[in-house]
Amino acid sequence: MAAQGGRALLALCGALVACGWLLGAGAQDPGAPAAGMRRRRRLQQEDGISFEYHRYPELREALVSVWLQCTAISRIYTVGRSFEGRELLVIELSDNPGVHEPGEPEFKYIGNMHGNEAVGRELLIFLAQYLCNEYQKGNETIVKLIHSTRIHIMPSLNPDGFEKAASQPGELKDWFVGRSNAQGIDLNRNFPDLDRIVYVNEKEGGPNNHLLKNLKKIVDQNTKLAPETKAVIHWIMDIPFVLSANLHGGDLVANYPYDETRTGSAHEYSSCPDDAIFQSLARAYSSFNPPMSDPNRPPCRKNDDDSSFIDGTTNGAAWYSVPGGMQDFNYLSSNCFEITVELSCEKFPPEDTLKSYWEDNKNSLVSYLEQIHRGVKGFVRDLQGNPIANATISVEGIDHDVTSAKDGDYWRLLVPGNYKLTASAPGYLAITKKVAVPYSPAVGVDFELESFSQRKEEEKEELMEWWKMMSETLNF
Amino acid sequence: MGFLWTGTWILVLVLQSSPIQAFPKPGGSQEKPLHNRELSAERPLNEQIAEAEADKIKKTYPPENKPGESNYSFVDNLNLLKAITEKEKTEKERQSIRSSPYDNKLNEEDADSTKNRRLIDDYDSTKSGLSHKFQDDPDGLHQLDGTPLTAEDIVQKIAIRIYEENDRGVFDKIVSKLLNLGLITESQAHTLEDEVAEVLQKLISKEANTYEEEPNKPTSVTESQAGKIPEKVTPMATIQDGFTNGQNDETVSNTLTLTNGLERRTKIYNEDNFEELQYFPNFYALLKSIDSEKEAKEKETLITIMKTLIDFVKMMVKYGTISPEEGVSYLENLDETIALQTKNKLEKNVTDNKSKLFPAPSEKSHEETDSTKEEAAKMEKEYGTLKDSTKDDNPRGKTEEPKGKTEAYLEAIRKNIEWLKKHNKKGNKEDYDLSKMRDFINQQADAYVEKGILDEEEADAIKRIYSSL
């Protein structure tokens, strides 16, 4: 009887303990949204990063968790809503979230603009959590990055498409289902085609930057633009982004401008004025991703033509022509340099491969972030020290200018070399300076511009002085 | 990616040779072996903890003194002690940082957040329970030579402290805090006071013999003891009242104190606490059925485990994860399960002899894993239906999600607070202002709700968590 009782007790203890464990598993399981999946997912978890696909609610919760963990350095905001009303969420990481500190460059990552290209979306969620964790652990590289950059991460530009793609039953996801937005618009063909304009300007003369004049009016009145596209365009115009990457899937390469061929042919290397720095930027991503930069990697599909791929990078148009893409729109309508990164041969791979995609890409994602601190940067001010916004900074030999932001701050990405930089603004006298640029960090070059009127005043005063002197001498 | 792939997508399908897992569905059935493996991998740790408790009890079991009473008194005092050591710590902190104006508030909050974190840490099975309990123990559970304290030692400690401080208020502070937390009942407070008074008397008389300056003060202290106790007692509400009052932490803990009563001394069971035990009749019956001399250890463990579970429920109520009503229902369900389990187990034939009480779980694990799993699944289902009485569609999935989400948020907030504390210490700034943080979070949470980034419920949960720190 005693033995029986003992056995009963033992079993009971086990039961109670297990129940207690289940209940009290609060502190055991950070970051796993659905308790039903908790046991399986705990195997795939690392430091709060759960390597699983996040639907819209889980995406939101993951970002909220990062914010809750790192309230001092993060902020969540939305740039607008998708066609079906889902918020286009962005998490911002910086030492002073919500604020543009003069001189601090702005960076963005955008993923999942094709809803069925899912790896980018997940990687960006993992990245947000990773940056928060590493910051709190005191990882010097990450701390420095967050203190010196304003990092914006938008895991999904097309949440509607993702839901459609993710809702497919079975293991194989269709190559096209969920690609476009809820209206059936392919967002990466939906941007105003500025390439065509710049090609004309190259031949016939015209501006080489900020080609979309009367921007607000055009964007708001254009009925062909999807709400997601409009939201991104406003975002680009509001924040002086310097560097960006646009994450896709279906192949494994880092793609840079121009995406559209000059002559209109199917493939043709079409370099932009900043071809040198773009190659360097693309390499900065691909070289840290082992499969991407593997020269002996076979193409994703047997008959693929990857002849344009060099070291895991390719010129967009050399690979195949894309009109109306977001990458070129960034370059030609703003100061932002953007590349397109194709992360996976399979657009929507199985969930258990996500961890290895993270391992392959985490160093690339950080390395690419660091590229923003290259070239030349500084302030354009007048002689009284007031900032001059919208001043033009041009580089001799590169037919693409950048402009200064509201605080007079500018950033000009350049590969190492010797350059002549000229800062000019309407009503001011231009100044040219010589700069020697290393690989990194960025060289600081400030400009103090003298306005015409001021010079006129000075000349007038000089004249008056001379006249006075003359009249005194000659007894007028 | 374009139309280039229209012709070749078939190729894609054909070339897919690697095994692909199903897209995750809630409650995926493919994962059974993992499921089992986890449970059996987890339980040994918890049994280890239980074993450690049992060992402690074994070691400090004083054979010559009143056996039945001191068993329960030890378990009682063990938990009491935890709270006491934290109070001691709090008081030490209070004494050392007298200067800044925010001190009292901060210290209380510091003490509170430490206390909460300790609870969480204690029940975090990712940490080894053993090492955690022993390492994180600056002045409480062990004597200098590392042996655990006995019940007598604890009472001794309190008495010495009162004597040294020459302040009866020490005892009052400790007791009222314990009462508020629901760790002891009124009657236990009385008994504790008696014990402390006894020890104090001995101390005083001893000291009076050696030093002749002290005779007057201690006697006045002892005399005033009897008068003060009645004032300090917190009114005990019935469980019904407590839960209808709802969110008040104090009330909740008071009412749950009634349920804690069952772990205390046997002689009190029959007299004062019968109305408390009516909520746990099966558990009580089980305890009674155990031969108290032979299987005292199991009894102790059982009680500890029960206490643990009750604390879980308390914590969850405190954090607002579940409402008090749900907490009660859960405990009631637990009691029913105990009845069921007992019945099932007693019906089976046991061949195992009276070797060790907690043998290596290998032979037993299979059977127990199965029954545990069943029970666990049953628990989850019951809990799920409890939480989700108002929703019709997809009850199971939805109830598990909010639980997991709140846990995730809790964990994130905990990490944030930890980092803020560490960060401020390093930077030699003033101690971070929790109230400022709280305001900031409240503000941000509201802003996020407006923008559609957070649900109202989530924002409330977050605000609640911060306000409970």
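Me: Leaving aside neighbours within four places in sequence, which residues is B:Asn416 in contact with?
Reply: This is a predicted model, in which local features need a pLDDT of at least 70 and side-chain atom pairs count only at pLDDT 80 or more, whereas totals for chains, interfaces and linings use all residues. Residues are numbered from 1 along each chain as its sequence is written, chains are lettered from A and ligands numbered from 1 in the order in which they are written, and side-chain values use heavy atoms, with hydrogens and water left out. B:Asn416 is found in helix H18 (residues 395-426) of chain B, where a helix is a DSSP run of H or I of at least four residues, a strand is a run of E of at least two, and both are numbered from the N terminus. With contact taken as heavy atoms within 4.5 Å, and neighbours within four places set aside, B:Asn416 is in contact with A:Leu68, A:Gln69, A:Cys70, A:Thr71, A:Gln136, B:Met437 and B:Tyr466.

Me: Does B:Asn416 count as buried or exposed?
Reply: The classes rest on relative accessible area (buried under 20%, exposed over 50%, partly exposed in between, with a 1.4 Å probe and protein chains only). The relative accessibility of B:Asn416 is 0%, and therefore B:Asn416 counts as buried.

Me: Over which residues of chain A is the pLDDT below 50?
Reply: The pLDDT, the predictor's confidence in each residue on a scale from 0 to 100, averages 90 in chain A, and 90% of the residues score at least 70. There is nevertheless a stretch with a pLDDT below 50, which in the model has 115 contacts beyond near neighbours in sequence, and this stretch covers residues 8-43.

Me: How many helices and strands does chain A have?
Reply: Of the 476 residues of chain A, 62% count as buried, and residues 24 or more positions apart account for 72% of its contacts with a separation of 6 or more. The secondary structure of chain A comes to 15 helices and 19 strands.

Me: What percentage of the residues of chain B count as buried?
Reply: Chain B has 20 helices and 0 strands, and among its contacts between residues at least 6 apart in sequence, 66% join residues at least 24 apart. Of the 469 residues of chain B, the portion that counts as buried is 51%.

Me: Why is the pair of A:Phe107 and A:Tyr109 edge-to-face, and what is the angle of their planes?
Reply: Rings of Phe, Tyr and Trp (its six-membered ring) pair if their centres lie within 6.5 Å, and planes under 30 degrees apart count as stacked, over 60 as edge-to-face and the rest as tilted. By this rule there are 22 aromatic pairs over all chains. In one of them the centres of A:Phe107 and A:Tyr109 are 4.7 Å apart, and the pair is edge-to-face because the angle between the planes is 75°.

Me: Which residue forms an aromatic pair with A:Phe309?
Reply: The pair is edge-to-face, with 5.3 Å from centre to centre and 80° between the planes, and it links distant parts of the chain, with A:Phe309 in the loop between helix H11 (290-293) and strand E9 (313-315) and its partner in helix H12 (residues 316-319), 10 residues apart. A:Phe309 is buried, with a relative accessible area of 16%. The partner is also buried, at a relative accessible area of 8%, and its name is A:Trp319.

Me: At roughly what angle do the axes of helix H4 and helix H5 of chain A cross?
Reply: Axes are lines fitted to C-alpha atoms, for helices over the stretch in contact, and angles run from 0 to 180 degrees between N-to-C directions. The axes of H4 (residues 119-137) and H5 (residues 140-148) come within 8 Å and cross at roughly 110°, which makes H4(A) roughly perpendicular to H5(A), given that angles under 35 degrees count as roughly parallel, over 145 as roughly antiparallel, 65 to 115 as roughly perpendicular and the rest as oblique. A:Tyr130, A:Leu131, A:Glu134 and A:Tyr135 in H4(A) meet A:Ile142, A:Val143, A:Ile146 and A:His147 in H5(A). The crossing angle is thus roughly 110°.

Me: Which residues is A:Glu202 in contact with, leaving aside its neighbours within four places in sequence?
Reply: A:Glu202 lies in helix H7 of chain A and counts as partly exposed, at 37% relative accessibility. Its C-alpha atom is 9.1 Å from that of A:Asp399, 197 residues apart in sequence. Leaving aside neighbours within four places, A:Glu202 is in contact with A:Tyr258 and A:Arg262.
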